[in-house]
Amino acid sequence: MRKTILAVLLFIYVIPCVYGQLPNLSGSVKDGMTLSGIADVSITIENTDFKVLTDSEGGFRFRNPIPAGEWVLVISKLGYLTKRFPIVLTEGNTLIIQDMLLMQDLDLKSDVYTIILSDDELQEDSNAADNISGLLQAGLDVFQRTAAFEFSPSFYKIKGLDSSEGSVLINGVTMNSFQNGRPQWNNWGGINDMLRNQELNYGIAPSAVNFGGVLGTRSINTRASEYRKGGRVTYSAANRSYTNRVMASYATGLSKAGWALALCLGRRWGAEGYLDATFYDANSFFISVEKKVSAQHSINFTGIYTPNKRGKSSPNTQEVYDLKDIRYNEYWGYQDGEKRNSRVKQIAEPMAIFSHYWTINTRTTLQTNLSYKFGKQTNSRLDYPGGANPSPSYYQKLPSYFLAQNEPDYAKAYQAEQDFIENGQINWNRIYDANITNASSGLSAAYILYDDRIDDQVFSANTLLNTEINDRILINSAFNYRQLRSDNYGELTDLLGAENYLHVDPFDGWQYDLLKPDRLLNEGDKMKYHYIFKARTMSGFGQIQMRFRAVDYFLAVNLSQTHYQREGVFQHEAFAESSLGKSDALDFFGFGVKGGLTYKISGKHIFQLKSAFVQQPPGLQNSFSNPRENNAIVKQLTEAHQLVLEGSYTYRSPVIKAKILGYYIQQKNKNEIGFYYADGLTSAGIQFNETSAFVQEVLHGVNTLHFGFEYGVDFQLTSTFKLKAAGSFGQFIYNNTPELYLTSSSFVTQDGAIDFGAVQLKNYRLANGPQGAFSFGFEYRDPDYWWFGASGNVFTNTYLDVSPLSRTSNFYLDDDGLPFNDYDEEIAKQLLKQERFNNYLVVNLIGGKSWRIKKYYLGLFLSVNNILDKLYKTGGFEQGRNANYAELKADVSHPKRVFAPKYWYGRGASYFANINLRF
């Protein structure tokens with residue numbers, strides 16, 4: 001053991017001493033227009049950890065000697081065009097490169113990714129369009145930029161993973177939600193000018209601020225003194241999520257008195273986006289104030305408030321799209337001549353972050369942060385306690401319903417078709433008439449509008465310590481504490497002309513709250529459900545990075561403890577013994593370890609190998625099977641596990657930049673919970689011996705496998721013309737037969753649950769967007785500051801999300817517990833075959849122009865996506881209504897399926913234009 005320790009010490013301390021004879025590098029950087037020195041320019045040796053910043057005069061010097069050889073020197077700063085210089089370092093010599101010139105990036109193309117994605121693509125609900133993971137990587141290499149900008153509109157997910165697998169931090173504070181682990185992008189939307197100072201670590205690469213996720217870490221810095229002094233005014237126009245956007249920002253820089261201030265105001269709005277009645281209304285406010293107390297200490301306050309409200313859109317069956325078009329949205333109707341959307345999402349959650357920066361010495365820094373976020377999230381919906389389903393595309397209102405009768409009624413089918421084509425929207429007038437009629441008769445509301453509301457309070461405290469042990473060894477560590485109180489309830493927002501609402505389940509007759517039975521509710525009252533989630537987590541992270549001439553190493557470890565609990569405020573009659581009060585406490589232990597090495601054959605050829613094992617708690621929303629009604633905990637709940645392997649090869653030269661990466665990701669013990677109305681339930685235990693019920697579907701013990709490769713190539717053919725190619729191909733599958741059970745207030749079992757056993761999901765594809773995506777394009781950048789680019793993007797292997805219940809024994813067993821008499825295994829295979837969507841090509845154009853007008857800079861940017869107006873499906877899901885062989889076979893045999901899958905389509909041709917003035 002002593003010999004081993006001695007060998008390690010020699011490796012760590014003696015070998016670095018040898019490099020004292022290695023060459024040194026110094027120089028200076030100046031503005032190409034003013035010829036003045038530029039401060040805080042990043043000078044890096046490409047594909048290494050050697051990095052310095054220029055001083056106030058633009059000078060720099062690498063304190064650590066650099067190994068001899070051929071390298072590429074990368075000079076970059078926000079607002080300037082990045083330059084790459086091939087250099088040759090020889091033993092014992094010092095290379096001095098004076099007055100390297102950087103030209104200002106007047107078109108600021110780097111803003112494109114942030115502007116388009118954060119304001120546009122990220123507004124959809126995650127379950128419908130979780131394409132955020134691409135943005136986590138925007139601004140890095142060719143593949144990651146392509147994934148963010150070209151692939152994400154097609155709901156592409158990097159490595160087939162949910163955005164919860166990537167960490168997002170602001171000033172070191174974790175922004176991922178307790179509920180589902182996803183970053184809450186709407187909480188800081190519309191302040192793009194203030195989000196440019198970022199550190200991006202892709203995949204399981206080391207990060208200085210946290211352990212990170214499988215997709216990596218995006219760390220945003222809003223420290224006031226680190227914004228470039230000056231301001232910008234921006235106007236944007238689009239036909240995507242909103243139609244207009246204005247933003248103004250200004251930063252003072254650090255004054256002689258040690259103060260710095262940064263401000264940003266923004267607004268995004270539109271009466272209708274690309275889809276019908278998807279209005280948009282958002283405001284954005286940002287402030288960051290810093291006081292430099294001394295040379296070692298600085299205090300910063302950041303405040304962010306971005307309230308936003310938008311109309312949502314519906315997935316639809318192909319029958320509906322054929323009768324209307326891909327812009328159709330069932331959630332709205334005309335009221336007093338204006339479009340009114342019944343499904344409105346609203347977020348208003350202010351956030352404050354206090355940070356203390358302490359430079360202990362030249363090698364050690366300590367950052368401590370306190371943050372508090374509070375506010376509300378609401379999602380509105382129509383309820384019909386005493387009326388018919390108001391959905392205009394309800395299955396009994398469509399032609400397929402009348403054609404599916406034993407004797408097809410063609411006349412009614414034709415009438416339904418014409419009614420839907422001519423109208424096909426919510427009839428608000430009929431809803432009001434029904435409620436007014438009920439009120440005149442002393443009856444309660446037939447229709448109401450209510451919000452599913454979440455009032456969150458999140459407190460966070462953490463500290464980050466970074467220290468250089470010596471010139472070759474860097475230590476990163478952090479301690480984090482987060483606490484959540486989440487108030488969840490329904491809120492009656494509009495009686496729609498009625499006098500009151502009877503607080504009783506109209507379908508089963510259950511009291512929603514036995515503490516206040518038969519209550520008549522008014523607008524503003526809590527309804528249907530009310531419970532509180534409490535959660536807290538503590539974690540510690542430590543990492544060592546070692547850098548040598550040919551090989552770099554890193555090793556990181558993370559430990560965490562997570563606690564969840566539900567507290568019911570309403571006593572639901574169906575679960576009188578398990579709905580009120582506190583649930584059992586849930587505690588989970590998290591553990592993660594990852595490491596890797598980088599082998600540098602030369603400055604041009606780099607090999608990397610990384611691996612990780614992570615044990616993490618389930619998300620809060622996947623820990624309780626039906627939190628709106630009871631305290632029940634998901635069966636066999638335990639921590640999930642991930643095993644990750646990554647290997648990559650990078651080639652860099654002045655002409656070609658290329659990288660290929662292979663990955664293998666195994667995930668185990670995950671849970672999925674869904675809600676829907678199921679027909680054809682053959683198990684006993686439902687009220688009145690019915691075979692239909694509104695259910696909560698709990699799929700637990702889910703294993704998935706993700707493997708594939710990514711590549712990106714950048715050919716700088718001339719100083720003005722560049723070719724780009726990028727792509728990925730993977731296979732993302734269920735890797736076991738998980739277990740499934742349903743819960744419902746309609747079930748008369750003791751715990752309100754029915755177990756359906758194993759689900760035959762193994763080798764089914766995950767429905768997470770295209771599993772193959774390939775891009776090829778070019779970019780021309782003229783010396784007169786205009787540029788133009790185009791790309792063609794091919795997407796393959798996109799699959800429909802399958803219904804797990806149809807893959808259980810419930811599918812083939814009749815009420816007597818035996819297979820259906822006419823059960824045919826070959827027909828069953830065809831019925832359960834997973835739908836694969838057609839491959840498709842999307843062509844995008846992008847361009848811009850910049851002008852310098854005295855001391856001002858004017859920039860124009862324009863992009864057109866899907867210029868060929870290609871129609872394509874981006875996702876969808878099987879409906880759970882036909883839960884057994886007999887019903888599904890009958891439905892498929894009809895001229896048009898009644899309960900066909902529902903789909904999402906990508907946008908047709910769309911544009912985004914942006915003009916900004918910088919001063």
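The legends below describe an overall view and several close-up views of one predicted protein model.

Residues are numbered from 1 along each chain as its sequence is written. In this predicted model, local features need pLDDT of at least 70 and side-chain atom pairs count only at pLDDT 80 or more, while totals for chains, interfaces and linings use all residues, and side-chain values use heavy atoms, with hydrogens and water left out.

**Figure 1. Overall view of the protein, with 9 helices and 45 strands.** Helices (H or I, at least four residues) and strands (E, at least two) are DSSP runs, numbered from the N terminus. Along its principal axes the C-alpha trace spans about 90 × 70 × 55 Å. The radius of gyration, taken over C-alpha atoms, is compared with a globule rule of 2.2 Å times the number of residues to the power 0.38; a compact globule of 919 residues would have a value near 29 Å, and the protein, at 29 Å, agrees with this. Of the 919 residues, 56% count as buried, where buried means under 20% relative accessible area, exposed means over 50%, and partly exposed lies in between (1.4 Å probe, protein chains only). Among contacts (heavy atoms within 4.5 Å) between residues at least 6 apart in sequence, 71% join residues at least 24 apart.

**Figure 2. Close-up of an open sheet of 3 strands.** The strand order is E4-E1-E7, and the pairing is mixed; two strands are taken to pair if DSSP finds at least two bridges between them. Strand E4 (59-61) and strand E7 (94-102) are the edge strands, each pairing on one side only. From one strand to the next, the twist averages 15 degrees, with axes being lines fitted to C-alpha atoms (for helices over the stretch in contact) and angles running from 0 to 180 degrees between N-to-C directions. Strand E1 (residues 24-31) and E4 run antiparallel and are joined by 3 bridges, and Ser 28 stands opposite Gly 59 in E4.

**Figure 3. Close-up of Glu 272 in the loop between strand E14 (259-270) and strand E15 (280-292).** Glu 272 counts as partly exposed because its relative accessibility is 29%. A polar atom of the Glu 272 side chain lies 2.5 Å from the backbone nitrogen of Ala 277. Leaving aside neighbours within four places in sequence, Glu 272 is in contact with Thr 243, Ala 277, Thr 278, Phe 279 and Lys 339. The C-alpha atoms of Glu 272 and Ser 241 are separated by 7.7 Å, although these residues are 31 residues apart along the chain.

**Figure 4. Close-up of Ser 393 in the loop between strand E23 (364-383) and helix H5 (399-403).** With a relative accessibility of 13%, Ser 393 counts as buried. The side chains of Ser 393 and Glu 330 are joined by a polar contact of 3.2 Å; a polar contact is a pair of N or O atoms within 3.5 Å, of which, within protein, one must be able to donate a hydrogen and the other to accept it, and residues adjacent in sequence count only if both atoms are side-chain atoms. Not counting residues up to four places away in sequence, Ser 393 touches Val 320, Tyr 328, Glu 330, Leu 398 and Phe 420.

**Figure 5. Close-up of the salt bridge between Asp 162 and Arg 182.** The structure holds 31 salt bridges, each being a side-chain nitrogen of Lys or Arg within 4 Å of a carboxyl oxygen of Asp or Glu. Asp 162 and Arg 182 meet through their side chains at 2.8 Å, N to O. This pair links distant parts of the chain, 20 residues apart, with Asp 162 in the loop between helix H3 (142-151) and strand E8 (166-170) and Arg 182 in the loop between strand E9 (173-174) and strand E10 (198-202). Asp 162 is buried, with a relative accessible area of 18%, and Arg 182 also counts as buried, at 11% relative accessibility.

**Figure 6. Close-up of the salt bridge between Lys 528 and Asp 383.** The side chains of Lys 528 and Asp 383 meet at 3.1 Å, N to O. Lys 528 lies in strand E28 (residues 526-547) and Asp 383 in strand E23, so the pair ties together parts that are 145 residues apart in sequence. Lys 528 is buried, with a relative accessible area of 16%, and Asp 383 is buried, with a relative accessible area of 10%.
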